Amino acid sequence: MKQSKKLIIMNILKILKEHSDVEHPLTQKEIQNILEFEYDMKVDRKAIKRNLMNLIDFGYDINYTEKTRQKKNGEHEIVFTDWYLEREFED
């Protein structure tokens, strides 16, 4: 059974809580795979990024890395990767 699209943002937050930390960041592709295989949700990469940015706007302490990549046409673009939820307490 497919879950509601409204649950995507909550499931992404849950994935970050359960699967990521500073030593184990996740790519958008990894988040996409977890959504598909654990939550039976097919979500495109742009929707994942949009929801991650919304979580940041809502005040969640989510960190990521910005990298510059050269596209096939020679232009450069910024890629956001290595997402993780900052923990209040770390071991």
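1. Let us start with helix H1, which runs over residues 8-19 and holds 12 residues. From its first C-alpha to its last it reaches 16 Å, close to the 16 Å expected at 1.5 Å a residue. Please keep in mind that you are looking at a predicted model.

2. Which residues of H1 are buried? They are Ile 8, Ile 9, Asn 11, Ile 12, Leu 13, Ile 15 and Leu 16. The cover over these buried residues includes two helices, H2 (28-39) and H3 (45-57), and also strands E1 (62-70) and E2 (76-85).

3. Now for the chain as a whole. Its secondary structure comes to 3 helices and 2 strands, and along the sequence these follow the pattern α-α-α-β-β. The C-alpha atoms fill a box of roughly 40 × 35 × 25 Å, taken along the principal axes. The chain has 91 residues, and 31% of them are buried. If you take the contacts between residues at least 6 apart in sequence, 48% join residues at least 24 apart.

4. Helix H3 is a good place to look next. Its 13 residues should span 18 Å at 1.5 Å a residue, and the end C-alpha atoms are indeed 18 Å apart, which agrees. The buried residues here are Ala 47, Ile 48, Asn 51, Leu 52 and Leu 55. Seen down the axis of H3, the buried residues fall within an arc of 135°, so they line one face of the helix. On the other side of H3 you will find Lys 46, Arg 50 and Asp 57, which are exposed.

5. What covers the buried residues of H3? The cover includes H1, H2, E1 and E2. H3 is in turn part of what covers the buried residues of H1. Just after H3 comes Gly 59, which takes a positive phi of about 105°.

6. The largest pocket deserves a point of its own. About 220 Å³ of space lies in it. The lining is made by Thr 27, Gln 28, Lys 29, Arg 45, Lys 49, Arg 69, Glu 77, Ile 78, Val 79, Phe 80 and Thr 81. H2, H3 and E2 each supply at least two residues of this lining. Which element gives the most? That is E2, with 5 residues. By type, the lining residues divide into 3 nonpolar, 3 polar and 5 charged.

7. Thr 27, one of the lining residues of the largest pocket, is found in the loop between H1 and H2. Its relative accessibility is 25%, so Thr 27 counts as partly exposed. Leaving aside neighbours within four places in sequence, Thr 27 is in contact with Thr 81 and Trp 83; Thr 81 is also among the residues that line the pocket. Thr 27 and Glu 66 are 39 residues apart in sequence, while their C-alpha atoms are 12 Å apart in space.

8. Lys 49 brings helix H3 to the pocket: this residue is found in H3 and is one of those in the lining. Is Lys 49 buried or partly exposed? At 27% relative accessibility, Lys 49 counts as partly exposed. Not counting residues up to four places away in sequence, Lys 49 touches Gln 28 and Phe 80, and both of these partners are lining residues too. Lys 49 and Ile 8 are 41 residues apart in sequence and 11 Å apart in space, C-alpha to C-alpha.

9. Gln 32 is worth a look for its contacts. This residue is found in helix H2. The cut-off for buried is under 20% relative accessible area, and Gln 32 counts as buried because its relative accessibility is 18%. Not counting residues up to four places away in sequence, Gln 32 touches Val 43, Asp 44, Arg 45 and Ile 48. Of these partners, Ile 48 is among the buried residues of H3, and Arg 45 is among the residues lining the largest pocket.

10. Finally, two aspartates to check in the backbone. Phi of Asp 40 is near 55°, a positive value in a residue other than glycine. Asp 40 lies in the loop between H2 and H3 and is partly exposed, with a relative accessible area of 32%. Phi of Asp 82 is also positive, near 55°. Asp 82 lies in strand E2, and at 23% relative accessibility it counts as partly exposed.

Terms used: Residues numbered from 1 in each chain as written. Predicted model: local features only at pLDDT ≥ 70, side-chain atom pairs only at ≥ 80, totals over all residues. Heavy atoms only, no water. Helix = DSSP H or I, 4+ residues; strand = E, 2+ residues; numbered from the N terminus. Expected span 1.5 Å × (residues − 1). Buried < 20%, exposed > 50% of the residue type's maximum accessible area, 1.4 Å probe, protein only. Contact = heavy atoms within 4.5 Å. 1 Å grid on protein atoms, 1.4 Å probe; cavity = no way out; pocket = protein on both sides within 12 Å on 5 of 7 lines; lining within 4 Å. Points joined across faces, edges and corners; volume = space filled by probe spheres on them. Nonpolar A, V, L, I, M, F, W, Y, C, P; charged D, E, K, R; others polar. Arc of directions from axis to C-beta.
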